[in-house]
Amino acid sequence: MSRSFRFVGKKRGARRTGSPMAAGVGEAFFYGVLVAVGSAGLGLLIVWELLPHAIFPLLTGWAFWLLLAVMAALVVIGAVGVLLTVLEVGASQERRAMFRQRAAQFELVGDNAPSPREFPGVPRDVDLTNSPGVKLAYRLPAASSPAWGLALATILGLVWNAVGVALAYMVINEYRSGHPQWFLTLFALAYVGLGAWGMVYFLRELRNATGMGPTSMEVSDLPLEPGRNYEICLMQRGRHQIRSLEVSLVCEEEAIFHQGTHVRTERREVRRQPVFCCQDVAVRPETPFEHRCVLAAPSDAMHSFQSPHNAIRWKLVVQGEAEGWPPFERCFPLLLYPNSPPEN
Amino acid sequence: MFSSAAVSELAPGELSLPRGRGRALVMEPLISIHIRGHRPEFHPGEEIECQYQIDAVDPADIQAIEASVLWHTDGKGDVDLGIHYFERRTPRSPDDDFRQQFTLKTILPKSPRTYDGEIVKIRWCVRVRLFLRRGKELFYELPFQLAPLRVGARPKAEGPNGRHDRTSGVTDVSDVSQAQHG
């Protein structure tokens, strides 16, 4: 038997069982409280400054400006929140989307806009075309670099091992004084052992990440247009005997979705077109491996697409195997524009 | 909408009232959308002309009508929406009858194209949303395709287990249907 009024709304997928109007009122109330608190704080601050300084000492220095900034921020955040909530109450999904699009066009002009005006939904090519190449027109940026991950792992490892050294020092001191604590000893042993294992793992990852020489990819033109041919140039540096090296043009779909309270991202490769493949290549520091080939942009493929929760991405993927090293993979994003409409 | 007719069986578009409130029937307003110039797909730069009409509703109950040409995603990810064309009509006087036929025209953009991928899908449609008094809201949409991905453009993964086939495209570009509650 259904109740006429539900105190707690349930979330079912993207929908909620609660009243949107009640949600809007609640949101407006929250932002209204922020405005009220901020305004009251600002008022008190001003009155305090105007009162006789003999009784109420003058607020000076950073404390006054900090209070002023916090109160002003509360007023601004609250006012904008109330305004947006009022605008969205009773507005349809399409009308809200239109407001957002217009606001984005107004605020983000030029290179900051997410999509070029004539190609809605297609990402801009600014990040890809701002690096000129040595052999060809553009040098493609690598999709991901292990440097940040390694830096974080280094900091974590240093902190962990510093604590381990302190624990070991305490244990040794206790043994010297003749009052050892078995629990602390065992804990310190486990802690230091874990730290040592982490260091070995980190050094192995560091070797894998930095051992293989850098790979770079250049392309004759950007963005790609369906059905056209482009020249690409692959360069592999380092000192390796590469067993196999393969370049593929890959299309990947990406979907970001809410699952309960979690935000999940799923990626799926939906198309792979081999571009180039070679075997048994000797790479030396003085003679890096360099290969030029033709990249045929597929004429029947979906263009690059980007929206807040969905994306279609194209990239060149370099996969290789070198003697004495684990297989490696490096990705270089590309941009495929929609083909031109047929001439009438 | 309350119909005074008391019939034993519900006709399409009619909903019964909850028990204990008599045998009166509720008829949902009808929203009809018609895209002129029948064709299986549209190309970027082409003009789309669309007629829409509201029926089976008291004119005094209509608060506003919104018509939009839009794309939305329809895959595994959360829904994203892009508005290409939008118009909102509100009665300026009590004599305004919004049950007349309205026409919208717009030039279709170059992107995004209709796409039927594995976890990302992009659909285009004409959507008409009707706002009634007392906060009630209904909409109906008519899909169309903007230079969709052709058969040759299907992604790889054509292994022995196969993949889901592409869903059939829109064949009927004119439709009248019961609206959905917004």
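Colleague: Where along chain A does P327(A) lie?

Modeller: P327(A) is in the loop that runs between β10 (310-322) and β11 (328-334) of chain A. Those names come from DSSP runs numbered from the N terminus: a helix is a run of H or I with at least four residues, and a strand is a run of E with at least two. Before we go on, this is a predicted model, with local features needing pLDDT of at least 70 and side-chain atom pairs counting only at pLDDT 80 or more, while totals for chains, interfaces and linings use all residues. Residues are numbered from 1 along each chain as its sequence is written, with chains lettered from A and ligands numbered from 1 in the order in which they are written.

Colleague: Why is P327(A) called exposed?

Modeller: Count the other C-beta atoms (placed from the backbone) within 10 Å: 20 or more makes a residue buried, 12 or fewer makes it exposed, and in between it is partly exposed. P327(A) has 12, so it counts as exposed.

Colleague: Which residues is P327(A) in contact with, leaving aside neighbours within four places in sequence?

Modeller: Q319(A), G320(A) and E321(A). "In contact" here says that the two C-beta atoms, placed from the backbone, lie within 7 Å. As for A151(A), 176 residues away along the chain, its C-alpha atom is 22 Å from that of P327(A).

Colleague: What makes up the domain assignment of chain A?

Modeller: There's domain 1 (11-90), domain 2 (147-211) and domain 3 (214-334). Such bounds come from an automatic or database domain assignment. The C-alpha centres of domains 2 and 3 of chain A are 38 Å apart.

Colleague: How do you know that the span of α5 (147-177) of chain A agrees with what a helix should have?

Modeller: The rule is 1.5 Å times one less than the number of residues. For the 31 residues of α5(A) that gives 45 Å, and the end C-alpha atoms are 45 Å apart, so the two agree. Just after α5(A), G178(A) has a positive phi of about 85 degrees.

Colleague: How many residues of α5(A) are buried?

Modeller: Zero of the 31, so α5(A) is hardly covered by the burial cut-off.

Colleague: And what span does α2 (62-88) of chain A reach?

Modeller: Its 27 residues reach 38 Å from first C-alpha to last, close to the expected 39 Å. M71(A), L74(A) and G78(A) are buried in α2(A). An α-helix has 3.6 residues a turn, so residues three or four places apart point the same way. Just after α2(A) comes G90(A), with a positive phi of about 80 degrees.

Colleague: Which strands form the open sheet in chain A, and in what order?

Modeller: The order is β3-β4-β5-β8, with antiparallel pairing. Two strands pair if DSSP finds at least two bridges between them. β4 (215-219) and β5 (229-236) of chain A have five bridges, so they pass that cut-off. Within that pair, E218(A) stands opposite C233(A).

Colleague: What makes β3 (138-140) and β8 (289-296) of chain A edge strands?

Modeller: Each of them pairs on one side only.

Colleague: Over in chain B, how many helices and strands are there?

Modeller: Zero helices and 13 strands. Of its 182 residues, 32% count as buried.

Colleague: Why does β8 (102-107) of chain B lie largely in the open?

Modeller: Of its six residues, the number buried is zero, so β8(B) lies largely in the open. β8(B) does pair with β5 (47-55) of chain B, antiparallel, over six bridges. One of the bridge partners is K105(B), matched with E49(B).

Colleague: What makes β6 (62-73) of chain B mostly covered?

Modeller: Ten of its twelve residues are buried. β6(B) runs antiparallel to β10(B), with eleven bridges, and to β7(B), with eight. E66(B) stands opposite R129(B) in β10(B) and has R88(B) as its bridge partner in β7(B).

Colleague: How many residues does each chain give to the contact between chains A and B?

Modeller: 37 from chain B and 37 from chain A. On the side of chain B, the elements giving two or more residues are β6 (62-73), β7 (81-89) and β10 (121-132). β7(B) gives the most, with five residues.
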